[in-house]
Amino acid sequence: MAAFLSANLANIIVLALVILMVVLAVRSLVINKKKGVHSCGYNCPGCSAGSCGGCESAKQK
């Protein structure tokens with residue numbers, strides 16, 4: 001077991017860092033959702049698509 005860990009220590013560290021980053025990103029999304037912050041920001045005047053639907057749903061609140 002020790003030989004496996006020592007041979008793959010760099011991979012294990014990188015994997016742990018990637019998992020940590022994913023967990024922190026999901027945590028941030030959940031916190032923002034609870035606060036009512038939306039990912040697009042509903043910046044309607046600056047919306048390049050014009051049909052994203054974000055402004056309509058923001059007005060309903």
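**Exercise 1.** Find how far α2 reaches from its first C-alpha to its last, and compare that with the expected span.

*Solution.* Start with the count: α2 has 27 residues. Helices are DSSP runs (H or I, at least four residues), numbered from the N terminus. The expected span is 1.5 Å times one less than the number of residues. In this predicted model, local features need pLDDT of at least 70, side-chain atom pairs count only at pLDDT 80 or more, and totals for chains, interfaces and linings use all residues. Residues are numbered from 1 along each chain as its sequence is written, and side-chain values use heavy atoms, without hydrogens and water. Now compare: α2 reaches 39 Å, close to the 39 Å expected. Just after α2, G36 takes a positive phi of about 90°.

**Exercise 2.** Place α2 in the overall pattern of the protein.

*Solution.* Count the elements: there are 3 helices and 0 strands (strands are E runs of at least two residues). Read along the sequence, the pattern is α-α-α. Helix α2 covers residues 9-35, and L17 lies in this helix.

**Exercise 3.** Is L17 buried or exposed?

*Solution.* Take the cut-offs: buried is under 20% relative accessible area, exposed over 50%, partly exposed in between (1.4 Å probe, protein chains only). L17 has a relative accessible area of 48%, so L17 is partly exposed. Then look at the whole protein: 3% of its 61 residues count as buried.
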